[in-house]
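Please open the model in your viewer and keep the sequence panel at hand. We will go from stop to stop, selecting a few side chains each time.

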Amino acid sequence: QVQLVESGGGLVQAGGSLKLSCAASGRTFSNYDMGWFRQAPGKEREFVATFRRRGAVTYYADSMKGRFTIARDNAKNTVYLQMSSLKPEDTAVYYCAAFPPGAAQVEVWGQGTRVTVSS
């Protein structure tokens, strides 16, 4: 099983950009599908994006399409989330997640990194 540590969160103005990183420990990182979720204050955790290892297919929540990009570097055991055109409603704690290949259920969660977008 991998362990996940996110970084890169912080305060940014609306319209700005931020890049989150998720470093995975363990030799099996490349075997996992990887994703990002977020949880805004007072709201449930929601899906942001996934990167499926088979075919390097990516999926995004509708509200993130065109603004967010998920990428992974298996050599560095790291998955990234590049966020641009940020809005105040993007304010949340962002969590990295690891899925068994093709599965919908998350197996491992990171501890989260906070992103605050000011208006």
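Which residue forms a salt bridge with arginine 67? Select aspartate 90 together with arginine 67: this is the salt bridge, and the closest N and O atoms are 2.7 Å apart. Keep in mind throughout that you are looking at a predicted model. Now colour the loops. Aspartate 90 sits in the loop between E8 and E9, while arginine 67 sits in the loop between strand E6 (57-60) and strand E7 (68-73), so this pair ties together parts that are 23 residues apart in sequence. Turn on a surface if you like: aspartate 90 and arginine 67 are both buried.

**Next, add arginine 38**

Keep aspartate 90 selected and add arginine 38. These two also form a salt bridge, with 2.8 Å between the closest N and O atoms. Arginine 38 belongs to strand E4 (residues 33-39) and aspartate 90 to the loop between strand E8 (78-83) and E9, so the contact ties together parts that are 52 residues apart in sequence. Is arginine 38 buried or exposed? Arginine 38 has a relative accessible area of 6%, and therefore counts as buried, as that is under 20%.

**Then glutamate 46**

Stay on arginine 38 and bring in glutamate 46. Their side chains meet in a salt bridge, at 2.6 Å from N to O. Glutamate 46 has a relative accessibility of 35%, so this residue counts as partly exposed. With Arg38, Glu46, Arg67 and Asp90 all shown as sticks, you can see them linked in a network of salt bridges. The whole model has five salt bridges.

**On to the disulfide**

Hide those sticks and select cysteine 22 and cysteine 96. What do they form? The two cysteines make a disulfide, with their sulfur atoms 2.1 Å apart. Cysteine 22 is in strand E3 (residues 18-25) and cysteine 96 in strand E9 (residues 92-99), so the pair links distant parts of the chain, 74 residues apart. Look along the S-S bond: the angle about it is -85°, and the link between cysteine 22 and cysteine 96 is left-handed. Cysteine 22 counts as buried because its relative accessibility is 0%, and cysteine 96 counts as buried at 0% as well. The count for the model is one disulfide.

**Now the aromatic rings**

A search of the whole structure turns up four aromatic pairs. For one of them, select tyrosine 95 and tryptophan 109: the pair is edge-to-face, with 6.3 Å from centre to centre and 85° between the planes. Tyrosine 95 is in strand E9 and tryptophan 109 in strand E10 (residues 108-109), so the rings tie together parts that are 14 residues apart in sequence. Tyrosine 95 is buried, with a relative accessible area of 13%, whereas tryptophan 109 counts as partly exposed at 36%. Widen the selection to Phe37, Phe47, Tyr95, Phe99 and Trp109, and you have a cluster linked by ring pairs.

**Last stop: arginines over rings**

Leave the cluster on screen and add arginine 45. Where does its charged end sit? The charged end of arginine 45 is over the ring of tryptophan 109, 4.4 Å from the ring's centre. Finally, pick arginine 52, which lies over the face of phenylalanine 99 at 5.0 Å from the ring centre.

Conventions:
Residues are numbered from 1 along each chain as its sequence is written. This is a predicted model: local features need pLDDT of at least 70, side-chain atom pairs count only at pLDDT 80 or more; totals for chains, interfaces and linings use all residues. Side-chain values use heavy atoms; hydrogens and water are left out. A disulfide is a pair of cysteine sulfur atoms within 2.5 Å. Helices (H or I, at least four residues) and strands (E, at least two) are DSSP runs, numbered from the N terminus. Buried means under 20% relative accessible area, exposed over 50%, partly exposed in between (1.4 Å probe, protein chains only). A salt bridge is a side-chain nitrogen of Lys or Arg within 4 Å of a carboxyl oxygen of Asp or Glu. Rings of Phe, Tyr and Trp (its six-membered ring) pair if their centres lie within 6.5 Å; planes under 30 degrees apart count as stacked, over 60 as edge-to-face and the rest as tilted. A charge sits over a ring if NZ of Lys or CZ of Arg is within 6 Å of the ring centre and within 35 degrees of the ring normal.
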